[in-house]
Amino acid sequence: MDMTSRMTSHFDDAIDTVKASSKALAGPLAAGVDLLFGAVTGNGKILACGNGGSAADAQHFIAELVGRFERDRLPLAGVALNTDTSILTAVGNDYGFDAIFERQVSALGQSGDVLVAISSSGNSPNILRAIEAAHERDMPVLALTGKGGGNISALLYETDIHLCVPHERTMRIQEVHILLLHALCDGIDALLLGDTL
Ligand SMILES: O=C(CO)[C@@H](O)[C@H](O)[C@H](O)[C@H](O)COP(=O)(O)O
Ligand SMILES: [Zn+2]
């Protein structure tokens, strides 16, 4: 096996995926900025969740809202639902793993909030249930998926936003997800602080 060409193919495939995502997702991404900006400037908050690498992405994103992205600004309200081990173990143990995010959306979610749901397959049951709970709370959903969107596609309302990365491999999808989340932070900051860096 030529390892260098194997590694080169990752760069090539990532470049192609980013280009295809830019074409498909720049418009909905801009709508996502407006949705999140409206929430955080209107007394709402962002609830974010994901599993595995997407859990890391959810908490990374929320840290940039509550803390800062590139520039100093007021703290923005957000909670990563995959970070509290006591809640995750208690709810997982007592109600099942599929309920770990749903339960928290039901506890914390209010009209005016937004759920950011991250799933590369679009099929994780705990994410699907979080989306249903968000809808019950009148919360719009910003879904980051791939692989055609999986079961999430059928759950979303027209008023939700679906950023579906056009790729079948989780690794590539996740790489674009972090780009999308950083772009959302940048867009919110541009609206809050002006568009010059
Ligand atoms: O990061 C990776 C793979 O790159 C894994 O940890 C991955 O996130 C986990 O297998 C997740 O459970 C996958 O869930 P999902 O993205 O399909 O909702
Ligand atoms: Zn990963």
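Helices here are DSSP runs of H or I, at least four residues long, numbered from the N terminus. With that in hand, welcome to four close-up views of a predicted model.

**View 1. Val-40, a buried residue of helix 1.** Val-40 has its place in helix 1, the helix that covers residues 3-40. A residue is called buried if 20 or more other C-beta atoms lie within 10 Å of its own; Val-40 counts as buried because it has 21 C-beta neighbours inside 10 Å. Setting aside neighbours within four places in sequence, Val-40 is in contact with Ile-46, Leu-76, Ala-77 and Ile-188. Take a moment for Leu-76: 36 residues separate it from Val-40 in sequence, yet the two are 6.1 Å apart in space, C-alpha to C-alpha.

**View 2. Helix 1 against helix 7.** Here helix 1 packs with helix 7 at an angle of about 40°, and their axes are 8 Å apart. Angles under 35 degrees would count as roughly parallel, so this pair is described as oblique instead. Helix 1 passes helix 7 in a right-handed crossing. If you sort the residues of this contact by character, you will find 16 nonpolar, four polar and three charged.

**View 3. Helix 2 against helix 7.** Helix 2, residues 53-66, packs with helix 7 at an angle of about 10°, with the axes 10 Å apart. Helix 2 and helix 7 are therefore roughly parallel to each other. Their crossing is right-handed. On the helix 2 side, the contact is made by Gly-53, Ser-54, Asp-57, His-60, Phe-61 and Glu-64. Helix 7 brings Gln-174, His-177, Ile-178, Leu-181 and Cys-185 to the contact. By character, the residues of this contact divide into four nonpolar, five polar and two charged.

**View 4. The largest nonpolar core, with Ala-48 in focus.** This core has 52 residues, and Ala-48 and Leu-115 touch the most other members. Helix 7, residues 170-193, gives the most to the core, with seven residues. Not counting residues up to four places away in sequence, Ala-48 touches Ala-58, Phe-61, Ile-62, Gly-78, Ala-80, Leu-81, Val-116 and Ile-118. One of these partners, Phe-61, may be familiar from the view before, where it is part of the contact of helix 2 with helix 7. As general background, nonpolar side chains tend to be buried together in soluble globular proteins.

Methods. Residues are numbered from 1 along each chain as its sequence is written. Chains are lettered from A and ligands numbered from 1 in the order in which they are written. This is a predicted model: local features need pLDDT of at least 70, side-chain atom pairs count only at pLDDT 80 or more; totals for chains, interfaces and linings use all residues. A nonpolar core is a set of buried Ala, Val, Leu, Ile, Met, Phe, Trp, Tyr and Cys residues joined through C-beta atoms within 7 Å. A residue is buried if 20 or more other C-beta atoms lie within 10 Å of its own, exposed if 12 or fewer, and partly exposed in between; C-beta atoms are placed from the backbone. Helices (H or I, at least four residues) and strands (E, at least two) are DSSP runs, numbered from the N terminus. Two residues are in contact if their C-beta atoms, placed from the backbone, lie within 7 Å. Axes are lines fitted to C-alpha atoms, for helices over the stretch in contact, and angles run from 0 to 180 degrees between N-to-C directions. Angles under 35 degrees count as roughly parallel, over 145 as roughly antiparallel, 65 to 115 as roughly perpendicular and the rest as oblique. A crossing is left-handed if the near helix is turned anticlockwise from the far one by less than a right angle, and right-handed if clockwise. Ala, Val, Leu, Ile, Met, Phe, Trp, Tyr, Cys and Pro count as nonpolar, Asp, Glu, Lys and Arg as charged, and the others, Gly among them, as polar.
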